[in-house]
Amino acid sequence: MPPPVGTTGSQLSRGRWAFAFALVTSLFFTWGFAYGLLDVLNAHFQVVFHITKLQTTLLQLAYFGAYIVWAPFAGMFMRRKGYKAGIHLGLTLYSLGAIFFWPSAKFAKYGGFVGSTFVIGCGLATLEVAANSYIAVLGTPKYAAARLNFSQGFQGVATFAGPLIASRWFFQGENATKLDTVQWVYLAVSGLGVVLNVLFYFCDLPEITEEALSEEIHEVGIQTDVEPFWKQWRCIFGFVAQTAYVGAQVAVASFVVFYLTDQNIGVDSSKASQLFSFCQITFTVGRFVGVVILNFIDPALLLSFYALCCSIFCLCVSQVGGRAGVGCLFALFFFESICYPCIFTLGTKNLGVYTKKGSGLIVMGVGGGAWYPSAQGALADKTFTRRSYLVPFSGYVAMLIYALGLVVDQARKDTFRFRNVDELAKLREKPIRESPDLERPDRSNEKSSTEYAEVI
């Protein structure tokens, strides 16, 4: 049965909303696990294939490069076919890429692994466009950032759990120099993608249409989608901010082990890897803490504060050595936590008929992770690891400029906001006050804004 035409997230009953939210959130764990395995595979392939560190970064280039190449096509596909079809396409590519790891391991071809990683990246880019956008519009815009932070928190859990499981049970002992375990790990990953694909096929996932979203904002006088897409400055600059932020985030994580071992505080590679795991836990905890804060504080204002903290602590990491520098590194991971979801929801806010196209553009910004680590590596080779953190510092500054620009724009058009405001509900109240006899629609089966917060 085709999904109902003209559905918006705020029109769903509590049961349908909770089911759709839980099912789509499961996708975040899926690509978090796949991303978490990348660093483990880098080290494993370096041992097996006897390749350089630079050659191992081809996996990152393939993974993040797929976002640059494929994300715009994913957005266009979903404009024509809908969110559910996009999820099916993403899971299919994800499973195909994972299954291609089997012949690559069988014939010991590193190029095959790079190609398979690119296919997986295309699948995950499609899932990110679908899932991030769907969660963002699955309810009132007031809690969009909080919803996406909550869902992406499970991505953080998987990013930490994936390498922990792989390095502890699959790539130790005699398996450290073999590719057999890689075959079985990715066969299981492929099976997970197939299972999720089947579940989504049989589920009744409500289709949230761009036409309905456009009508919803037009009803309250917001006409932002009347202008052509290239004039959607909030989204265009959101892409720039997302590219800078993701590049900085990936670069910071890529050099953590090198940074920790260079501080002369008695940390070897094994201890550094353990501390890196604690950094990832700090990041994940920060995501869930951010969910609570975003229920009360304006997302653009909170993003400005977090971006400022990221800039300060990254600069401190680059200038301060020893244990103080390590402490700044942990603080940096904490304040990174809410940045991606907030940039996405703020960049795609009130896009109406351009919602899916804009989502594809913002997700394309993940491609920043393809080249920032190389730039940081080049600076690290010329100076030293600590000083190389000036490269991600530039990315955080770009994100800070974007966030401050949104705060100023909101203050200029309406008023300075400290508290999180339901903008659509606020605009709806104006004609109701002017016409008290205006008949209100019956929304007894719909979720109220406060109920969204309670569920989260």
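Start by selecting Lys 231 and Glu 227: their side chains meet in a salt bridge, with 3.9 Å from N to O. Keep in mind as you look around that this is a predicted model.

**First stop: Lys 231 and Glu 227**

Now turn on the surface and check how open each partner is. Lys 231 has a relative accessibility of 35%, so it counts as partly exposed. Glu 227 is also described as partly exposed, at 38%. This pair belongs to a small set, since a search of the whole structure finds four salt bridges.

**Second stop: the end of helix α18**

Next, select helix α18, which covers residues 390-413. Zoom in on Asp 409 and Lys 413, whose side chains form a salt bridge of 3.5 Å, N to O. How many residues apart are these two in the helix? They are four residues apart, about one turn of the helix. Lys 413 is exposed, because its relative accessible area of 62% is over the 50% cut-off.

Move along to Asp 414 and Arg 417. Here is another salt bridge between side chains, at 3.6 Å from N to O. Is Arg 417 buried or exposed? Arg 417 counts as buried, with 11% relative accessibility. Its partner Asp 414 is partly exposed, at 40% relative accessible area. While you are here, add Arg 412 to your selection: Asp 409, Arg 412 and Lys 413 are joined into one network by salt bridges that share partners.

**Third stop: Arg 387 in its loop**

Go now to the loop between α17 (372-382) and α18, where you will find Arg 387. This residue is partly exposed, with a relative accessible area of 25%. Which residues does Arg 387 touch, once neighbours within four places in sequence are left aside? The contacts are Ser 318, Gln 319 and Leu 379. Show the side chains of Arg 387 and Gln 319 and you can trace a polar contact of 3.4 Å between them. For a distance to try in your viewer, pick the C-alpha atoms of Arg 387 and Gly 321: they are separated by 10.0 Å, with their positions 66 residues apart along the chain.

**Fourth stop: Ser 359, under cover**

Select helix α16, residues 355-364, and look for Ser 359 within it. You may want to hide the surface for this one, as Ser 359 is buried, with a relative accessible area of 1%. What lies around Ser 359, apart from its neighbours within four places in sequence? Val 129, Ser 133, Phe 344 and Thr 348 are in contact with it. Among them, Ser 133 also shares a polar contact with Ser 359, 3.1 Å from side chain to side chain.

**Last stop: a nonpolar patch**

Bring the surface back and select Leu 96, Ile 99, Phe 100, Trp 102, Trp 184 and Leu 187. These residues form a nonpolar patch on the surface, and together they have about 540 Å² of accessible area. Colour helices α4 (83-99) and α8 (180-202) too, as these are the elements that give two or more residues to the patch.

Finish with Trp 102, one of the patch residues. Where does Trp 102 sit? Trp 102 lies in helix α5, residues 101-106. At 32% relative accessibility, Trp 102 counts as partly exposed.

Note on methods: Residues numbered from 1 in each chain as written. Predicted model: local features only at pLDDT ≥ 70, side-chain atom pairs only at ≥ 80, totals over all residues. Heavy atoms only, no water. Patch = residues over 30% accessible without salt bridge, like charges linked within 9 Å, V, L, I, M, F, W, Y side chains within 5 Å. Areas by Shrake-Rupley, 256 points an atom, 1.4 Å probe, with all protein chains shown as cover. Buried < 20%, exposed > 50% of the residue type's maximum accessible area, 1.4 Å probe, protein only. Polar contact = N/O pair within 3.5 Å; in protein donor to acceptor, adjacent residues only side chain to side chain. Contact = heavy atoms within 4.5 Å.
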